[in-house]
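Open your viewer and have the selection tool ready. We will take this tour one stop at a time.

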Amino acid sequence: MNLFFLARRFVAGVDVESAIRVVRGLNQKGVRATLDLLGENVRDRAQAEKAVEAYGHLLEQIATSGIESDISVKLTQLGLDISESFCEANMERLLARATACGNFVWIDMEGSAYTQRTLDLFVRLVRAHPNVGVAIQAYLYRSEHDVRRLADLGARVRLCKGAYKEPKTIAYRRMRDIRRNFLRLAEILLERGREPAIATHDDHLIEAVKRWTAERGIGPERFEFQMLYGIRPRAQEALAQAGYRVRVYVPFGTHWFPYLSRRLRERKENVWFVVRNLFEWSRP
Ligand SMILES: Cc1cc2nc3c(=O)[nH]c(=O)nc-3n(C[C@H](O)[C@H](O)[C@H](O)COP(=O)(O)OP(=O)(O)OC[C@H]3O[C@@H](n4cnc5c(N)ncnc54)[C@H](O)[C@@H]3O)c2cc1C
């Protein structure tokens, strides 16, 4: 049974053609994209290598189709659970393809079991490859230290709140605290970082960043707002029309379930959206 219709609000499609079609539509509205071929926690070497190949092919399709999009990967999709050196070799191969295509690769940040290993690997990669960036989660207490270090290295950072369930020993849990830390980290990145990405749909944070940058003469070309496909599309367009750089993260592929679960967990109303779809689908 194909249950993809449950995910279709948040996932561009199961194949690359659908994803490219979605990106074209976004580009026409002045919005760039980040394509994410869904997959995580791969335990099989051949499967991780297949993901590298698929991403390499995707980079070529982006170049030939002329769409404005970079890509994002998860290290556990490229074999981090198998071995760090295997994953690093896969990333090296992918970054060489991205360089040949004149493109950029983001590394998503996964649950806290992977934070240190992701950053260690990232720091090794970024020394040789300026076309790689990494996501940092504002809910983690450690992130201010990480953000300062990454800014010193001249690395690109995508700042987000964080989407995994983490214990209070390592992460802020109250929205007020997460927002406060997000703004603190955003200020560091906007002041000293390289083209940071402010990845949120939260108006409170978006307005604060707009105000803060305007007051300090930091122009909209120095950073970008990023949002997720299917979430607040009108706000995405409005920001682009107001002259801000906007990039939308567009996931696609058949491994959509963990991604959908994270979107449902962060917003309970979405559960009803999915249940309604299921109900409509099951009607005679
Ligand atoms: C481009 C991008 C990349 C990301 N990469 C990572 C990553 O690598 N690692 C990671 O842990 N997390 C990542 N995230 C997810 C992020 O950490 C948050 O879980 C997610 O963005 C929700 O937080 P928020 O800042 O939008 O604020 P929220 O307070 O959750 O939301 C603010 C408003 O946005 C809208 N909204 C937010 N979420 C939803 C939703 N699911 N459905 C419908 N409306 C919604 C609602 O209007 C809500 O009131 C990424 C997010 C973005 C935008």
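Here is a walk from the whole chain to one helix and then to the ligand.

**Stop 1: the whole chain.** Keep in mind that this is a predicted model. Show the cartoon, and you can look for 10 helices and eight strands. The radius of gyration is 18 Å, close to the 19 Å that the globule rule gives for 284 residues, so the chain is as compact as a globular protein of that length. Turn the C-alpha trace along its principal axes: it spans about 60 × 45 × 40 Å. Buried residues make up 42% of the chain.

**Stop 2: helix 1.** Select residues 16–28, the 13 residues of helix 1. At 1.5 Å a residue they should span 18 Å, and the end C-alpha atoms are indeed 18 Å apart. Now colour Ala19, Ile20, Val22, Val23 and Leu26, the buried residues of this helix. They cover an arc of only 160 degrees around the axis, which puts them on the same side of helix 1. What covers them? Add strand 1 (32–37), helix 2 (45–65), strand 2 (69–73) and strand 8 (246–252), which are included in that cover. Just after helix 1, click on glycine 30, whose phi is positive at about 80 degrees.

**Stop 3: the ligand.** Of the 24 residues around the ligand, select those that come nearest: Asp108, Ala135, Cys160, Thr200 and His201. Next, show strand 4 (132–137), strand 5 (156–160), strand 7 (224–228) and helix 9 (257–266), each supplying at least two residues of the shell. Strand 7 gives the largest share, three residues. Colour the shell by type to finish: 10 residues are nonpolar, six polar and eight charged.

Terms used. Residues numbered from 1 in each chain as written. Predicted model: local features only at pLDDT ≥ 70, side-chain atom pairs only at ≥ 80, totals over all residues. Helix = DSSP H or I, 4+ residues; strand = E, 2+ residues; numbered from the N terminus. Expected span 1.5 Å × (residues − 1). Buried ≥ 20, exposed ≤ 12 C-beta atoms within 10 Å, placed from the backbone. Arc of directions from axis to C-beta. Contact = placed C-beta atoms within 7 Å. Near = placed C-beta within 6 Å. Nonpolar A, V, L, I, M, F, W, Y, C, P; charged D, E, K, R; others polar. Rg over C-alpha atoms; globule rule 2.2 N^0.38 Å.
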